[in-house]
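Here are my notes on the model, set out as numbered points that can be read alongside the sequence and the coordinates.

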Amino acid sequence: MTKFFQCAFLVQLTIVPFLIFGQQTDRSAKFKQLYEELPTANSYRTAAGAPGHEYYQQKADYDMDIRLDDEKQRIYGEQTITYHNNSPDELTYLWVQLDQNMRARNSMTKKIETNALSERVSTAQLKRMLNDFDGGFKLEYVQQTNGRELPYTVNHTMMRIDLPQPLKSGGKFSFKVKWWYNINNRMEIGGRSGYEYFEDDDNYLYTIAQFFPRMAVYNEVDGWQNKQFLGTGEFTLPFGDYKVNITVPADHVVTATGVLKNESSVLTRTQRNRLSEARKSNTPVLIITESEALENEKSRAKDNKTWTFEAENVRDFAFASSRKFIWDGMNQTVGNKNVLCMSLYPKEGNPLWEKYSTKVVAHTVRVYSDHTIDYPYPVAISVHTKWIGMEYPMICFNGGRPEPDGTYSEATKYGMIGVIIHEVGHNFFPMIINSDERQWTWMDEGLNTFMQFITEQEWDVNYPSRRGPSHKIVDYMKGDKNGMVPIMTNSESILQFGNNAYGKAATALNILRETIMGRELFDYAFKEYARRWAFKHPTPADFFRTMEDASAVDLDWFWRGWFYSTDHCDIALDDVRWYQINTKNPEVEFPIARQNTETENRGITFNRNAKNPDRTVVARDPETRDFYTDVDRHKVTALDQKDYQRYLATLDDDERALLDTNLHFYELHFRMVGGLVMPVILEFTFEDGSREVVRIPAEIWRKGDTSVSKVFFFKQEVVAVVLDPFLETADTDRSNNYWPPKVQPTRFELYKSQGSGRYGRRPAENPMQRAKRNEDLE
């Protein structure tokens, strides 16, 4: 039904945003600035989010000799660490991380691990529960370089070294550590690193990380970051230069962080020639073929080889070793540099790995460089493992294994591509933009998952990305708040780890880019953050402040809602009211009034009585009729015309023009059902089928209201309105987003119940296996 209103003042409501204040929250809460939450800016870190003029960071250089024992599955190491004190402070002790101690029999990790039993327990669960693995570092000595013993104290995964004299600002101190430890069977008891045993050919594939005592970070934020490693909160490390000699059986192939410095000693002439070809090729070149790897699997060398790697300005070091490796590589140009992208994988990884891995590495290096900084390192390496994904400078360990028959599901294919993108992407976050993983998981995992989403979509526009799009986080956001914590939660205390630190953080950044800031402003600010903090140690405040400083967009409300709360977005379109201007012209308004009267629904009683009008007194007795019975209320009279002309005489030309606009006015009422402030995005559909999108910034809620209204005007009649039409805001209830209301059907599958049997169902075939079976039938 159309409503008419007087023009003189009400038309103003169609020009100026019109708010009706309803139920209200704390007016200052949602848009309150983060002055209390963020640390005060200082000479180390500015209020703009950049390193200050007194910013400093420490440096730790490593010279290591490592030996892999393939018979006992052990690592032996001797290392010299040179620690550079670039701080203004005098240090009387150093803290060193002993991450392998989380696997010690008496580790804190084991003591605080919670578990439970049910009627059914998997063998893997029971193995992990009962494992009595003798893990952890076995320290043989901690010495000065002159051989004198250094006093030290081991506190779980941290070791304090007491210095013989204070280390003054600008000074450096070198010391030696000798150690060994048993390598964990990653397939049985888990772990970011370890080994996988291949029973069919009696070989091991080692992916080795967190394998040496590493310096902790010292800075003006936390002093020494010596929070214990419990298993979830990952790593906080200073940059430094590495020279590492890795001794392995002579038939093993080794890959590692950095550049291989003794190719001629460990590679054949053929392999060196192929490697040279790969450095110039824009497609993968096999350095070790599958047939060569198969032959090497059978070897059992009794002697050893030492592989030497050097890496500059990296925060960590990792390596992989096996006689099973197939090896390929290609070049990816970034800026004015060439990056050698490589993959190493056993035959069990084919055909997926030979087809995709190295191309995905190169693609990731290129896309991340476009959005952050140019990839600065000479190599980027992907190593095949089963299941895990783990990242280190220039090298990462990635899952994604086909079936034994060489077929694979879509989930396996895209899971492999996704994990390679993610782990190679970690070179940027946190290996280069070096945030504190022990404290803030989201600063590397969230930012990296966001960039992973962009990279996946640039790989294939139909890529089935799991995280990034706002509608993918809805199920988590509308869940039980008792099972949630804010993103700004310490890494060890996060609930629903993947949804929180990866998914929600990545979604928030994608919403910033696509909806709040726009791609141009976001991309510039994000790139500036990467530029400012490359090879430095940023904090959350540095990220938040840089994004605002480089864009002139106030985002404190966004950080507060998405990062400091567990609120969800649910905006309801409660009501739509349609108005048109009453022109006061009787030739226009009276026919409209007549039509409204004739079409008015007066209810069932009137409708039934109207079928027998002769039964009424007025119909039977003409004497009861008078002026009001017979008058035509909608007939235009001379007085009506005179009144209209008198009214027109009171208006100036601009006001008269308003009467002839023929606009349709719509008053929309919105309600914030969820507590998360977000923009109001609307799509109007008109009677001719055309559409118009209107975007209202989140500041419409700035006064603290939970209900607002706004008037829109159009030349055409609106037939439908959709709130959040492009799934941009993670709205958790779309049933209240439509006018007229819209119900979406859900299809369900009907199936005949089948017993699963005592020992479980036969595994379903993947689509490639089904296609092969279909070929046999045809």
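1. In this predicted model, strands β6, β7, β4 and β11 form an open sheet, in the order β6-β7-β4-β11 and with antiparallel pairing. The edges are taken by β6 (152-155) and β11, each of which pairs on one side only. Between β6 and strand β7 (residues 158-167) the antiparallel pairing runs over 4 bridges, and within this pairing N155 stands opposite M158 in β7.

2. A second open sheet, also described by its strand order, has 4 strands arranged as β28-β27-β30-β31, again with antiparallel pairing. Its edge strands are β28 (691-696) and β31 (738-739), each pairing on one side only. Strand β27 (residues 680-686) and strand β30 (residues 718-723) run antiparallel and are joined by 5 bridges, with L682 placed opposite L723 in β30.

3. Turning to aromatic contacts, the structure holds 58 aromatic pairs. In one of them, the ring centres of W179 and Y181 are 6.1 Å apart and the planes stand at 20°, so the pair is stacked, the limit for stacking being under 30 degrees. Both W179 and Y181 are buried. F211 and F319, by contrast in geometry, make an edge-to-face pair, with 5.3 Å from centre to centre and 90° between the planes. This pair links distant parts of the chain, since F211 sits in the loop between β10 (203-208) and β11 (214-215) while F319 belongs to strand β19 (residues 319-322), 108 residues apart. F211 is buried, at a relative accessible area of 0%, and F319 likewise counts as buried at 0%.

4. One aromatic cluster deserves a separate entry: it is formed by F31, W442, Y529, F543, F544, W557, F558, W559, W562, F563 and Y564.

5. Two arginines are placed over aromatic faces. R214 lies over the face of F235, at 4.7 Å from the ring centre, and R602 lies over the face of F606, at 3.7 Å from the ring centre.

6. How many salt bridges does the model contain? The count comes to 48. R438 and D99 form one of them, with their closest N and O atoms 3.7 Å apart. R438 lies in the loop between α9 (410-425) and α10 (442-459), and D99 in the loop between β4 (91-97) and α2 (108-112), so this salt bridge ties together parts that are 339 residues apart in sequence. Both R438 and D99 are buried.

7. Other salt bridges have partners with other degrees of exposure. K59 and D61 form a salt bridge, the closest N and O atoms being 3.7 Å apart; K59 is partly exposed at 27% relative accessibility, whereas D61 counts as buried at 16%. The side chains of K478 and D475 also meet in a salt bridge, at 3.7 Å from N to O, where K478 is partly exposed at 48% relative accessibility and D475 is exposed, with a relative accessible area of 59%. Beyond such pairs, salt bridges that share partners join D201, E297, K324, K347 and E348 into one network.

8. On the surface, L117, V121, L126, M129 and L130 make a nonpolar patch of about 470 Å². Among these residues, L130 is placed in helix α3 (residues 123-130), and at 63% relative accessibility L130 counts as exposed.

Terms used:
Residues numbered from 1 in each chain as written. Predicted model: local features only at pLDDT ≥ 70, side-chain atom pairs only at ≥ 80, totals over all residues. Heavy atoms only, no water. Phe/Tyr/Trp six-rings, centres within 6.5 Å; stacked < 30°, edge-to-face > 60°. Buried < 20%, exposed > 50% of the residue type's maximum accessible area, 1.4 Å probe, protein only. Helix = DSSP H or I, 4+ residues; strand = E, 2+ residues; numbered from the N terminus. Lys NZ or Arg CZ within 6 Å of the ring centre and 35° of its normal. Patch = residues over 30% accessible without salt bridge, like charges linked within 9 Å, V, L, I, M, F, W, Y side chains within 5 Å. Areas by Shrake-Rupley, 256 points an atom, 1.4 Å probe, with all protein chains shown as cover. Salt bridge = Lys/Arg side-chain N within 4 Å of Asp/Glu carboxyl O. Pairing = 2+ DSSP bridges.
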